[in-house]
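Let's take a walk through this one together, starting with the whole chain and then zooming in on a helix and a single serine. Have a look at the fold before reading on.

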Amino acid sequence: MYTLYGFKGSGSASVEMALRVLEVDYRIVSAASWEPSPALDELRGVNPLAQIPTLVLPDGSVMTESAAILIHLGLVSRPGLLLPASEAARAQSLRGLVYIPANCYSCITILDYPERFTSAQDKESLDKIREGTRARLHRHWEIFADTAKPAPFLNGEAPGALDFLAAVVSRWSGSRQHLREARPEFSKLLERIEAHPAVADVFESHWPKK
């Protein structure tokens, strides 16, 4: 059985969707560094950085980093399930799985903790960092949308690893609102991913509709 350490509304949602599509046995431990609990102590026991998602594989080995986890699950699953079966499409999927953490998620870290990236700690300086970083984040999503070629999903006929990661990370820092206006077709793709029967209930559990 797999054990997934994660938290509602976090990046662990993308891994949970992948596990759901794989139809494997897994359990979820709700833990996050911002929520002190016995579960957090358990998470630190397998990942001293207390990062989520953290996935413990059936053999007891530990994986961290969303993209690495999704790539691993894609490689051990049937071709076409989480990663495209064709070599060319798979290459583009791997590119996207690295692009999102390197360019989009890195901006979100700065937006959440701007004080870590500057010696200026006054509110005006931190607000300027957030403003510039948010603009950069939205531009990174525009570039991703311009290079994406859904058919009808990024993974092919059904959503896969890249679809799940894009749909989850784009939920943060106003990216969805920006994409609705700047890249409406890509925004519709994200909505199709969320509504897909294979993972719609996972999205609903992490981001309940109001």
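What radius of gyration would a compact globule of 210 residues have, and what does the protein chain have? A globule with that many residues would come in near 17 Å, and the protein chain has 17 Å, so the two agree. Keep in mind that this is a predicted model. Along its principal axes, the C-alpha trace spans about 50 × 45 × 35 Å. Of the 210 residues, 45% count as buried. The accessible surface comes to about 10,700 Å², with 54% of that belonging to carbon and sulfur atoms.

Now trace the chain. There are nine helices and four strands, and reading along the sequence you get β-α-β-α-β-β-α-α-α-α-α-α-α. If you take the contacts with a separation of 6 or more, 63% of them are between residues 24 or more positions apart.

Next, the inside. Nonpolar side chains tend to be buried together in soluble globular proteins. Here the largest nonpolar core has 50 residues, and those with the most contacts inside it are Leu-55, Leu-73, Ile-100, Trp-141, Phe-144 and Phe-186. Elements giving two or more residues to this core include β1 (2–6), α1 (12–22), α4, α5 and α9 (200–206). The biggest giver is α6, with eight residues. There's also a second, separate core of ten residues, and Val-29, Ala-31, Ile-52 and Val-56 are among them.

Two of those core residues, Trp-141 and Phe-144, are also buried residues of α5, so let's follow that helix. Helix α5 runs over residues 123–147, and its 25 residues reach 36 Å from first C-alpha to last, close to the 36 Å expected at 1.5 Å a residue. Its buried set isn't purely nonpolar: Thr-133, His-138, His-140 and Glu-142 are in there along with Leu-126, Leu-137 and Ala-145. The cover over these buried residues includes α4 (87–112), α6 (161–169), α7 (175–182) and α8 (184–195).

Back to Leu-73. Beyond its close sequence neighbours (up to four places away), Leu-73 touches Tyr-2, Val-15, Ala-18, Leu-19, Leu-22, Leu-55 and Leu-82. Ser-77 sits in the loop between α3 (66–76) and α4. Is Ser-77 buried or exposed? Its relative accessible area is 12%, so Ser-77 counts as buried. The side chain of Ser-77 reaches the backbone oxygen of Leu-73 at 3.1 Å, and that of Gly-74 at 3.1 Å too. Leaving aside neighbours within four places in sequence, Ser-77 is in contact with Leu-22 and Leu-82, and Leu-73 touches both of these as well.

Conventions. Residues numbered from 1 in each chain as written. Predicted model: local features only at pLDDT ≥ 70, side-chain atom pairs only at ≥ 80, totals over all residues. Heavy atoms only, no water. Expected span 1.5 Å × (residues − 1). Buried < 20%, exposed > 50% of the residue type's maximum accessible area, 1.4 Å probe, protein only. Contact = heavy atoms within 4.5 Å. Polar contact = N/O pair within 3.5 Å; in protein donor to acceptor, adjacent residues only side chain to side chain. Rg over C-alpha atoms; globule rule 2.2 N^0.38 Å. Areas by Shrake-Rupley, 256 points an atom, 1.4 Å probe, with all protein chains shown as cover. Core = buried A, V, L, I, M, F, W, Y, C linked by side-chain atoms within 4.5 Å.
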